[in-house]
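Please open the structure in a viewer and keep the sequence at hand. The tour below proceeds by selection, with a short account of what is found at each stop.

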Amino acid sequence: MTRIPDEMRPQAARTLFRHFGVVLAPADPGWTYAIARENMAAFETHASELIAQVTAHDERRPPIYVDHIVDTAFNALACPWQNSLLILPTGVCWAWFASTFNSLLSMPEVWPDVGDCGVETPPAFTASGIDPVHAHLAGLKLPLLDPVDPLRRRVADALCTQAFEFLVLHELGHIRNGHLSAVPGKNGLAELTPVGAWEAASLTRQTLEMDADSHAVVHTLRNAFILSMEVARLAPTLNAAEPDHALLLAMYGSHGRTLRTCLTVYYVLFRLLSPAAWTADTLWSRSHPPAMLRLLMMLGVIDGKARLTPDPAIAALSGERLASIVGRLAVELELGLCRVFGIDSDPLAVLEPSLRALGAYQHQLLVEWARLHPALDKAKLGGKLAPPQV
Ligand SMILES: [Zn+2]
């Protein structure tokens with residue numbers, strides 16, 4: 001059971017509206033996003049298992065409900081309520097994720113070794129004049145392309161679920177790592193780009209976002225590599241003509257494919273939820289790090305985790321090898337995203353400013369993280385704060 005129980009909903013709805021101005025979705029919201037409906041239903045059970053698994057050994061385990069709020073300026077919200085904690089993505093996230101991953105997999109250039117790309121016939125690209133660096137993808141018209149190849153369609157659905165898993169694990173990171181009490185005022189964290197009146201100073205806030213991203217990356221990577229080791233063990237019995245087996249092989253059929261699955265989710269999610277561009281004036285006016293800086297900081301977490309694993313095949317995916325995999329995949333995904341959103345593409349212009357700024361920016365966050373650590377450490381429910389894990 002992950003949804004807020006029926007008997008508690010009216011009161012929860014009143015509190016959420018009063019404190020955050022958000023509307024809790026009805027118990028059966030009858031979503032208008034047909035593209036997302038099936039994914040959402042399947043995810044409910046999954047989210048409940050995921051939270052139980054991640055929090056199994058926590059010192060404190062309050063009930064955690066995952067529910068939906070109707071569309072607002074937020075992407076998601078994490079907040080305490082009575083004796084429980086709430087993770088509340090907006091319904092529109094499902095529409096963004098489902099339409100973006102389906103549209104991307106309908107491009108033969110994206111994940112070209114999966115399924116039969118020859119049957120995909122994406123529309124001809126016409127330059128729109130929208131510059132990819134400043135475009136905020138989630139603010140653009142949703143692309144609504146569907147892969148023709150059935151395996152590519154299933155991969156798109158599975159990536160959509162993985163993106164939602166990341167979102168829930170990010171919110172769970174805010175909760176488990178003690179972030180909610182670190183934000184003065186409203187005692188809750190809303191995921192949105194401009195810093196709201198109740199937000200903590202943006203350096204503090206962006207540091208907490210890095211910590212929550214690390215939490216989500218550590219757990220998604222761990223689960224993905226457990227799956228790829230299981231697929232390797234079962235390999236002699238798997239039959240690529242079986243749709244379920246073909247899906248597993250496409251996404252987790254080798255450690256390299258598993259890493260690609262995770263990186264694709266991180267790249268698309270960060271790119272969708274915040275613009276790539278910033279200036280010295282705008283950087284600290286936002287709640288979240290800019291998209292590419294979020295991705296690049298997480299490469300440090302991935303690299304650290306890969307190096308620590310006893311499996312030499314996973315350890316080999318670190319350092320320069322990781323950098324080269326990410327570089328190639330980022331160009332492939334960036335070109336795909338620009339095509340499906342109808343914007344001009346320039347992958348280097350998107351990546352280069354972040355590569356130049358990464359060292360100094362990350363240093364600021366790590367200094368702030370060290371300052372916050374004593375308070376976070378006392379408030380945490382059982383999570384591991386990020387930088388020591390890197
Ligand atoms: Zn967050």
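Is helix 3 largely enclosed by the rest of the structure or not, and how many of its 15 residues are buried? The model is a predicted one. Select helix 3, residues 91–105. Of its 15 residues, 13 are buried, so the helix is largely enclosed by the rest of the structure. The length may be checked in the viewer: at 1.5 Å a residue, helix 3 should span 21 Å, and its end C-alpha atoms are 22 Å apart, which agrees.

**Strand 3**

Next, select residues 84–89, which form strand 3. Because five of its six residues are buried, strand 3 is largely enclosed by the rest of the structure. Now add strand 1, residues 64–66, which pairs with strand 3 in the parallel sense over three bridges. Within this pair, Y65 stands opposite L86 of strand 3.

**Strand 2 and the hairpin**

Extend the selection to strand 2, residues 76–81. Strand 2 runs antiparallel to strand 3, and six bridges join the two. Two of the facing positions can be labelled here: C79 has L86 as its bridge partner in strand 3, and L77 has L88. L86 therefore appears at two stops of the tour, opposite Y65 and as the partner of C79.

Two residues lie between strand 2 and strand 3 in their hairpin, where Q82 takes a positive phi near 50°. Strand 2 is itself largely enclosed by the rest of the structure, since five of its six residues are buried.

**Strand 4**

Which strand pairs with strand 2 over three bridges in the antiparallel sense? It is strand 4, found at residues 189–191. Select A190 in strand 4, and L77 will be seen to stand opposite. Strand 4 is also where confidence is lowest in the protein chain, at a mean of 74.

**Helices 6 and 7**

Move on to helix 6, residues 243–252, where confidence is highest, at 96. For the protein chain, the mean pLDDT is 86, and 90% of the residues reach 70 or more.

The last selection is helix 7, residues 255–273. This helix is mostly covered, with 17 of its 19 residues buried. At 1.5 Å a residue, helix 7 should span 27 Å; the end C-alpha atoms are 27 Å apart, which agrees.

Methods: Residues are numbered from 1 along each chain as its sequence is written. This is a predicted model: local features need pLDDT of at least 70, side-chain atom pairs count only at pLDDT 80 or more; totals for chains, interfaces and linings use all residues. Helices (H or I, at least four residues) and strands (E, at least two) are DSSP runs, numbered from the N terminus. The expected span of a helix is 1.5 Å times one less than its number of residues. A residue is buried if 20 or more other C-beta atoms lie within 10 Å of its own, exposed if 12 or fewer, and partly exposed in between; C-beta atoms are placed from the backbone. pLDDT is the predictor's confidence in each residue, from 0 to 100. Two strands pair if DSSP finds at least two bridges between them.
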